[in-house]
Amino acid sequence: MPDPTIYRHLVGKLNYLTNTRPDLSFAVLCLSQYMQRPCMSHYSTALRVLRYLRTDPSQGIFLTAHLSFDLLAFCDADWAACRDSRRSVSGFFITLGGAPISWKSNKKISVSMSSAEAEYRSMRRVTAEITWLVRLLADLSTPPTLPVPVHSDSQASIHIARNLVFHERTKHVELDCHFVHQQFLSGLISLSFVPSESQLADLFTKPLSGGSHRSILSKLGVHSLPSTLRGDVETEEAVETEEASEA
């Protein structure tokens, strides 16, 4: 690519949009890996993300006036997703009263030896985030209902968290095991199995088909905001004209 700064500026702006568009997290994660030496194919992919945004530019997070302070979490991992390094991609998604408040999509810095390890590291990450959110809400005098449900589609990682028995397959993730197991015993979290087709965190770990993407997006609390929230264009233009004439 002749001028890589164009690509970097575009990806930087897309990264800013992930603050209100959780559905962009995985795409931005993939695009951010080529900031040093982007090719035209990477730039074309970034433009494709822009075309996706044009289909519904008013889409965003809508926080309802809901009195519930119940937290709900989903975590997932795509084992050895990167074809170059075979590092896994993990993601989590947390809602408060049905509205999304925290989400993450990232590539692990080390290679996981099994899918159970990749899933368990993702569970440890969402548990740490829940621990922080519970303390924050308690400081705001709005403590959430405990335990916080954590949904995972990995039976192996749930079994490890509930039964802290170490052997050759788990001793290299012993610290993660102790942390999650401690929070499970303290009543901070509860662990539940969710089928892969109902795993909302899939949106943050792997590319999905159009139907699956739309199905999960409708459950994330991301909606098309009413046009009235965007202001009256004619009124804004009239105000700008009046200010210009006064100047």
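Here are some exercises with worked solutions on the pockets and one hairpin of this predicted model.

**Exercise 1. Find out which residues and elements line the largest pocket.**

Step 1. Start with the space itself: the largest pocket holds about 1200 Å³.

Step 2. Now look at its walls. The lining has 35 residues, and those closest to the pocket centre are Phe26, Ala27, Cys30, Thr45 and Pro207.

Step 3. Next, match the walls to elements. Helix H2 (25-31), helix H3 (40-54) and helix H7 (210-217) are the elements that give two or more residues to this lining. Of the elements, H3 gives the most, with six residues.

Step 4. Sort the lining by class: 16 residues are nonpolar, ten are polar and nine are charged.

Step 5. Finally, check the domains. Domain 1 (4-59) and domain 2 (61-222) each provide at least three residues of the lining of the largest pocket.

**Exercise 2. Work out where the second largest pocket lies with respect to the two domains.**

Step 1. Note the volume, which is about 300 Å³ for the second largest pocket.

Step 2. Pick out lining residues in the structure. Among them are Asn15, Thr18, Ser25 and Leu29, along with Trp103, Lys104, Ser105 and Asn106.

Step 3. Assign them to elements. H2 and strand S4 (99-107) each supply at least two residues of this lining, and S4 gives the most, with four.

Step 4. Count the classes: the lining of the second largest pocket has seven polar residues, three nonpolar ones and one charged one.

Step 5. Draw the conclusion. Both domain 1 (4-59) and domain 2 (61-222) give residues to the lining, so the second largest pocket lies between them.

**Exercise 3. Describe how strand S4 is paired, and explain why S4 counts as largely enclosed.**

Step 1. Find the partner strand. S4 pairs with strand S3 (residues 89-96) in the antiparallel sense, over eight bridges.

Step 2. Zoom in on one bridge: Thr95 has Pro100 in S4 as its bridge partner.

Step 3. Follow the chain around the turn. S3 and S4 form a hairpin with two residues between them, and Gly97 in the turn has a positive phi of about 65°.

Step 4. Now think about burial. A residue is buried when its relative accessible area is under 20%. Seven of the nine residues of S4 are buried, so S4 is largely enclosed by the rest of the structure.

Step 5. Link this back to Exercise 2. The strand S4 that pairs with S3 also gives the most residues to the lining of the second largest pocket.

Notes: Residues are numbered from 1 along each chain as its sequence is written. This is a predicted model: local features need pLDDT of at least 70, side-chain atom pairs count only at pLDDT 80 or more; totals for chains, interfaces and linings use all residues. Side-chain values use heavy atoms; hydrogens and water are left out. On a 1 Å grid over the protein atoms alone, a cavity is a set of points where a 1.4 Å probe fits but cannot get out, and a pocket is an open set with protein on both sides within 12 Å along at least five of seven lines; lining residues have an atom within 4 Å of a point. Grid points are joined across faces, edges and corners, and a volume is the space filled by probe spheres set on the points. Ala, Val, Leu, Ile, Met, Phe, Trp, Tyr, Cys and Pro count as nonpolar, Asp, Glu, Lys and Arg as charged, and the others, Gly among them, as polar. Domain bounds come from an automatic or database domain assignment. Buried means under 20% relative accessible area, exposed over 50%, partly exposed in between (1.4 Å probe, protein chains only). Two strands pair if DSSP finds at least two bridges between them.
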